[in-house]
Amino acid sequence: MPKIIYVDPDGTRHVVDAPDGTSLMQAAVANGVEGVLGECGGSAMCATCHVYVDPADGGRLPELGADEDEMLDSTASPRTTASRLSCQLTASEDLDGLVVRLPEEQI
Amino acid sequence: MSTGSAMSTGSAMSTPSATLGATVELARLWSDPYPIYRELRRREPVAWVPAANRYLVARHRDVVALERDPETFSAAERDSLMIRVMGHTMIRKDGAAHARERAAAEPPMRPRVVANHWTTLFQRTADELVDGLYDRGEADLLRDFAGPYAARNLGLVLGLPDAAPADLQEWSQAMMDATGNYVDDPTVWRRSQTAAQQVDDAIDDVLGHLRRRPDESVISAMLHATDPLSVEEIRANVKVIIGGGLNEPRDSLAVGAWALLTHPEQRAAVEADPSLWRRAFEETVRWVSPIGMYPRQTTREVVLGGTRIEAGARIGVLIGSANRDETVFADPDRFDLHRKPNSHVAFGGGPHFCLGSWLARSQVSQVAWPTLFRRLPGLQLAPEPEVELGGWVFRGVLNLPVRWTP
Ligand code: HEM
Ligand code: FES
C-alpha cells in the first residue's frame, strides 16, 4: 500500500498507509491528521484540504484541474506554486513516499 | 426566528429518567443555548432531548465524525416538514439523487463567479442601501440594511431580479417557520402555502426567458446543466435556497457588525488591515453560528460519542455547540478574530456542505462590512434599545440600533 508522509507546520510527520484509489484528503482524515479538514467531503468546494507538495515531487502528480485551480485562489493559508487540493489527488503506487506539507490553517 | 420554539413536541417531563437531556427546555435554548451546550458537552455529549424529540450532538469531534459518515447519518429525514412546505429539495436527499441536483445548482456559487461577477453587484446593492440611509444618521442595521441587502443579493443570484426584497424576506420567513411547525398551527401552513405559490409564480415568470438566454444565475444553471433539473425540481430547490440563503448572511452580517462595534481593538485592527475582514467573518460564524442545529436521521444502530443510538433515530447536529467546544477553541465564548486556526463547522460538512459559503463570505466580509465601516463616519452602537439575541436552530441579533455622523 502506498505510504504518504504528511508534515505539520511544526515539523511533526505522520506516515499514513493510503489505500489505492482513496484521495489524499480521505487518507489524512481517516488517520487523524488534523491539519486536513476536508469539509465538503471531496467535491472541490471548500478549500479546507489545502496541502503543499514539494516542486521536486510535483512531477508525480496529475495537472491542476480547473475546479482545483479556482478553489486554490480561496485558501486560508497562502497559495504557492506547491499548492494542491488533497481531495483531488488519488493514492497509487506512483505516489508511494510522497511528502505533503500541511498549511497553518484551512479556514 | 421562531423556528426554535416551534419545535416543541412535548414537555421535558415525559421521560422518567433523570438525564440532563430530559431537563433541556426549548425556551431556555432559544434565549441562550450556550450554558446548556457547555453542560451537555461536559456531561452528556450525545443526549436524548425529549423537548426536541431528538438526540442532540454537542461536541466538535462527534459532529465532525458524523459529518464524515453520511451513509449512517442520512439527510432524508422521515415525515420531513420541509418536504411538505417546499417539495423534495436537495437538502433532504442522499447519495446520487442529491449529487445530481447539487451539481446543477453549484456553478454560479463557485468562488470565481462570485469574485468576477456577483461581488460587483453586491457592492451596488450595498451602496444603494447606504445612499438611502445616509442622511438619517441612525438606523437599525438588521432591519434597514442586513435584511434587504441579503434579500436583494439572493434575488440576483437566483435569477429573480424583479422580486422585491420585502417579498423574498416574507417568503423565506414564512417557509422556514413552517418547516418548524410541529404544533400544526393552520395559520403557519396558510402563510407558507401563499409564499410557496408566489415563489412558483416568480419562477414561472423567468423560465421562458432564461431558457432562451442563459445567464450567471442559479435558475439558469439548473435549466442548462449537463443533466438539467425539471421544473418541479427547480421549484423545490429555489425554495430551499430562499429559505437557507437569506437569514444566514443577514444574521452573520449583523452579528459581526455588532461584535466589531463592541470590540474596539478588533475593529481598529480590521479597519487598518483589510485582509482581516475574512478572519472576522470566520470568527463571527463560529461565535454565533447562524445555523445552530441541523437534522439527520440514523440508517442503522450506531455508537456516537459513547452513546448507543438506535436505527431510525432523529438527530440534531449542534454546530452552534461544536463551535464553542473548549477542547478545540481556547476561551470559546470570546469573540477573537485573531484565532488561529479556526476550524469551525458553521457551514456543515460532507455532501451537504453549504453551497453558498463563498457567496456569503463575499457579501458579508468583502462588501457589506467594509462599505458600512468606511461610508458611515463615526459608526457606533446607539445607547438604546439594548441589542437582543435569540434562537438556537437559527441564531442572531434581533435588532441592531446604530448611529453615525452624516
Ligand atoms: C453565513 C451564511 C451561511 C451559513 C452559516 C450557512 C450554513 C449552512 C449549513 C450549516 C448547511 C448544511 C445544512 C445541512 O447539512 O443540513 C448549509 C447548506 C446549504 N446552504 Fe448555506 N449557509 C449560509 C449561506 C448560504 C447562502 C448565501 C446560500 C445560497 C445563496 C446557501 C445555500 C445553501 C444550500 C443550497 C445548502 C444545501 C446544500 C446541499 O444540500 O447540498 N447558504 N448552509
Ligand atoms: S475536501 Fe473540500 S475542497 Fe477538498
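## Strands β3 and β5 of chain A

Let's start with a pair of strands in this predicted model. In chain A, strand β3 (residues 50-53) and strand β5 (residues 98-101) run antiparallel and are joined by two bridges. Look for Val53(A) on β3: across from it, in β5(A), stands Val100(A).

Now zoom out to the sheet that holds this pair. Five strands of chain A make up an open sheet in the order β2-β1-β5-β3-β4, and the pairing is mixed. At the edges stand β2 (13-17) and β4 (83-85) of chain A; each has a single partner strand, so one side of each is left without a neighbour in the sheet. From one strand to the next, the twist averages 35°. Here's a handy rule for viewing any sheet: side chains in a regular strand alternate between its two faces.

## Chain A as a whole

What does the secondary structure of chain A come to? There are three helices and five strands. If you walk along the sequence, you meet them in the pattern β-β-α-β-α-α-β-β.

How does chain A compare with a globular protein of its length? Its radius of gyration is 12 Å, and the globule rule gives 13 Å for 107 residues; the two values are close, so chain A is as compact as a globular protein of that length. The C-alpha trace of chain A spans about 30 × 30 × 25 Å along its principal axes.

## Over to chain B: a hairpin and a sheet

Chain B has a hairpin to look at. Strand β1 (residues 46-49) and strand β2 (residues 54-57) of chain B run antiparallel, with four bridges between them. Trp48(B) sits opposite Tyr55(B) in β2(B). Four residues lie between the two strands, and in this hairpin Asn53(B) takes a positive phi near 55°. That's worth a second look, because most residues other than glycine have a negative phi.

Chain B also has an open sheet of three strands, in the order β4-β12-β9 with antiparallel pairing. Its edge strands, β4 (138-140) and β9 (380-381) of chain B, each pair on one side only. Three bridges tie β4(B) to strand β12 (residues 401-403) of chain B, and Glu138(B) faces Arg403(B) in β12(B).

## Two helices that cross

Two packed helices are described by the angle between their axes and the distance between the axes. For helix α8 (residues 111-133) and helix α9 (residues 141-158) of chain B, the axes come within 10 Å and cross at roughly 145°. The crossing of α8(B) and α9(B) is right-handed.

Which residues make the contact? On α8(B) they include Trp118(B), Leu121(B) and Phe122(B), while those on α9(B) include Phe145(B), Pro148(B) and Tyr149(B). Sorted by class, the contact of α8(B) with α9(B) has 12 nonpolar, two polar and two charged residues.

## The iron and two cis bonds

Which protein residue gives a donor to the iron atom of ligand 1? The single donor from the protein is SG of Cys354(B), 2.3 Å away. You'll find Cys354(B) in the loop between α17 (319-322) and α18 (357-375) of chain B.

The loop between α17 and α18 of chain B also holds Pro341(B), and a cis peptide bond joins Lys340(B) to Pro341(B), with omega about -5°. Another cis bond links Glu384(B) and Pro385(B), where omega is about -5°. Pro385(B) has its place in the loop between β9 and β10 (389-390) of chain B. Both bonds stand out because most peptide bonds are trans.

Definitions and conventions. Residues numbered from 1 in each chain as written. Chains lettered and ligands numbered in written order. Predicted model: local features only at pLDDT ≥ 70, side-chain atom pairs only at ≥ 80, totals over all residues. Heavy atoms only, no water. Pairing = 2+ DSSP bridges. Axes fitted to C-alpha atoms, helices over the stretch in contact; angles between N-to-C directions. Donors = N, O, S within 2.8 Å, 3.2 Å for Na, K, Ca; no water. Left-handed = near helix turned anticlockwise from the far one by under 90°. Contact = heavy atoms within 4.5 Å. Nonpolar A, V, L, I, M, F, W, Y, C, P; charged D, E, K, R; others polar. Rg over C-alpha atoms; globule rule 2.2 N^0.38 Å.
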